[in-house]
Amino acid sequence: MAGCAMWFGIVAALMLCFATAISYAELSKLYPGAGSSYLYAEQAFLSKTKAFKYARIAKFVVGWASHLYYWVYPGCMVGVTAIFVGFMANQFFPNTFSPAVNSPLLMGLFCVVFALGVGWIASKGVNGSTGVSIAINVIQISALLVFTVIALAYRIEHKQGDVAWHLSNGTPINYQVDSVNQLDANNKPIQNTWADGSNMVDDKNQPIYKTQDRQVTADDLKDKTFASLGYSVGDPYPVLQKDAAGKLVLDKDGKPEPVPFTISYLPADAMSGGGPMGPAKDPLTFNFHTTAASVVSPHNINFLIIQACVAILILVGFESVTAMGAEARNPTKDVPKAVLLSLIIQGAFCYLIEYFAANYFMNNGYTIGNAGASSAPIGDMMTLTGTWLFGSPTAGLWYMWIQGLTVFLALIGTTLACINTGARVTYAMGRDNEVGELFGSIHPKSGAPTKGIWVLTVLSIVLGWVTVSMYLGGTAQTPLDPKFSNIWYSFGLFPAAAYATAPNTLLIITLISNFGTFLLYMMSCIVAIIAFKEHHMFNGFKHFVVPLFGLLANLGCMLFYIIGPFSVAGMSWHEPFIALGAALVWGVYGAIHFVTGSKKKEKPMFMEAPAAA
């Protein structure tokens with residue numbers, strides 16, 4: 001159900017991010033230099049006559065907490081990109097890679113290649129990284145606008161009841177597909193289950209089995225009447241039109257006629273479930289929006305908060321440029337503008353438009369549920385809209401492939417930005433001897449903290465592997481089709497039944513990163529309030545109201561991850577609490593590191609005398 005509030009959730013996340021971005025922009029005017037929030041925390045406390053003694057503790061806490069974000073998020077992006085590549089592999093090689101389950105081996109190998117490639121770009125310094133980022137952003141925004149226009153046109157041109165396109169095992173078709181029972185490894189039908197895991201039975205207490213789309217077989221093509229339709233083995237098997245007597249309806253050429261698939265935006269189809277079995281067994285499920293007004297409505301406060309917490313993942317990174325203040329030509333002028341402009345272009349312009357179009361496009365042929373079960377839902381939408389616009393499934397796939405390349409480029413840009421920021425924050429800590437000396441050095445030619453970059457690159461490979469290991473956790477899966485029993489599925493594949501109860505590793509890594517994000521943004525808002533207190537540039541709205549709102553909003557999102565599973569039906573507690581446990585372990589380790597390191601290096605934990613800011 002939470003999917004119904006997706007667009008408004010992005011709006012809420014944008015408000016949170018803007019409050020934080022304004023705080024970053026204001027701080028970057030006061031304290032230009034490398035280190036981002038780590039630098040700001042130290043300088044803000046040093047500028048105070050009484051609080052100066054907490055400067056070292058403040059900067060360490062901020063710097064250490066930021067690593068939950070800056071050192072985990074690149075690994076998350078490596079994993080997400082590997083999942084995307086796994087999806088694309090099926091599009092290019094449908095006889096080798098399953099449309100239902102990505103190849104674990106392919107994703108694992110890709111994590112290595114992708115992370116090393118992005119790490120190499122980052123090691124070239126700010127000039128090389130900036131050039132790559134600019135090119136990627138121009139291509140990404142152009143492709144995004146093209147998709148938006150086509151998706152909106154699809155919805156506008158397809159009226160209620162028109163023949164339309166949907167997907168069957170990744171293949172775009174405009175007819176209804178017959179279904180057959182799903183079979184287990186012993187070729188026995190698999191009984192369907194309710195949401196609570198109990199078995200489904202009919203009114204006669206007979207089992208109800210899971211079904212799947214039927215595919216054309218070689219035996220089907222032995223029927224000359226059916227073979228005249230021109231289908232091949234593996235194609236979706238159509239439901240054929242029959243008259244009142246149950247006989248096939250033939251066209252003027254004597255060929256059977258498939259039942260066309262017709263599009264629906266009716267309220268009755270927009271929701272499913274909610275039957276007499278109760279919400280535990282048959283929860284109400286949102287499928288699609290019936291109107292444009294529904295897309296931009298908040299619907300429910302719980303759903304809104306869930307979507308806002310998820311949307312943070314696509315909006316973070318606006319503060320990355322603050323870590324490169326030491327490498328900017330005019331940091332006090334350009335860095336604040338860059339922080340705000342990046343969020344305006346990325347969030348207020350790109351994502352609000354794209355996600356409105358994507359949500360408005362959905363219908364009974366492609367629902368929120370279909371999107372949630374897909375490795376690349378936008379890719380599915382591109383395939384459908386491209387098939388319609390360009391006149392054939394092959395053209396639709398080519399359109400999706402070309403657009404998919406731009407998505408891949410966007411993922412490179414996102415990963416690159418976070419590796420650059422993470423390495424530079426760690427460099428600032430290494431320069432201050434708060435972490436290992438390894439991280440406190442820069443390359444003499446590129447000026448980049450290359451050692452930190454390569455350490456972060458290796459960590460991203462490992463976290464990428466963790467991300468893809470059980471990315472389907474918490475979902476019902478069927479056994480792998482025997483035709484895909486090849487080397488690509490010889491490693492890392494779990495039994496189908498294991499996925500339903502296993503925690504989702506993609507969500508766990510995402511939440512660890514999000515916890516780090518919320519902590520960092522909260523502390524940055526606090527630092528902004530402290531930095532401008534008693535300062536001659538103090539503005540009550542910009543330097544107190546805005547950061548206070550950012551602080552409370554970030555705190556609210558973080559707490560919702562913990563409270564939500566106990567108040568929102570269907571929200572799992574496993575992933576949030578595993579992520580929270582990881583964050584707590586990191587925090588405890590940080591405290592031990594700080595105390596023992598201070599004693600070993602004979603560095604006072606509290607500043608003993610004021611220092612110039």
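The protein chain of this predicted model folds into 19 helices and 6 strands. Its radius of gyration is 27 Å, close to the 25 Å that the globule rule gives for 613 residues, so the chain is as compact as a globular protein of that length. Along the principal axes, the C-alpha trace spans about 95 × 50 × 45 Å.

**Burial and contacts**
- Of the 613 residues in the protein chain, 47% are buried.
- Among contacts with a separation of 6 or more, 73% join residues that lie 24 or more positions apart.

**Nonpolar cores**
- In soluble globular proteins, nonpolar side chains tend to be buried together.
- The largest nonpolar core of this model comprises 140 residues. Within this core, the residues with the most contacts are Y24, L27, Y69, Y70, F318, F361 and Y366.
- Helix α17, which covers residues 505-532, supplies the largest share of this core, namely 15 residues.
- Leaving aside residues up to four places away in sequence, F318 touches C17, T20, A21 and Y24, as well as V339, S342, L343 and Y521.
- A second core, separate from the largest one, has 8 residues, including I173, V177, Y231 and L240.

**Surface and charge**
- The exposed area of the protein chain is about 27,600 Å², of which carbon and sulfur atoms supply 65%.
- The chain carries 34 positive and 33 negative side chains. The centres of these two sets lie 12 Å apart.

Methods. Residues numbered from 1 in each chain as written. Predicted model: local features only at pLDDT ≥ 70, side-chain atom pairs only at ≥ 80, totals over all residues. Heavy atoms only, no water. Helix = DSSP H or I, 4+ residues; strand = E, 2+ residues; numbered from the N terminus. Rg over C-alpha atoms; globule rule 2.2 N^0.38 Å. Buried < 20%, exposed > 50% of the residue type's maximum accessible area, 1.4 Å probe, protein only. Contact = heavy atoms within 4.5 Å. Areas by Shrake-Rupley, 256 points an atom, 1.4 Å probe, with all protein chains shown as cover. Lys, Arg positive; Asp, Glu negative; His and termini not counted. Charge placed at Lys NZ, Arg CZ, Asp CG, Glu CD. Core = buried A, V, L, I, M, F, W, Y, C linked by side-chain atoms within 4.5 Å.
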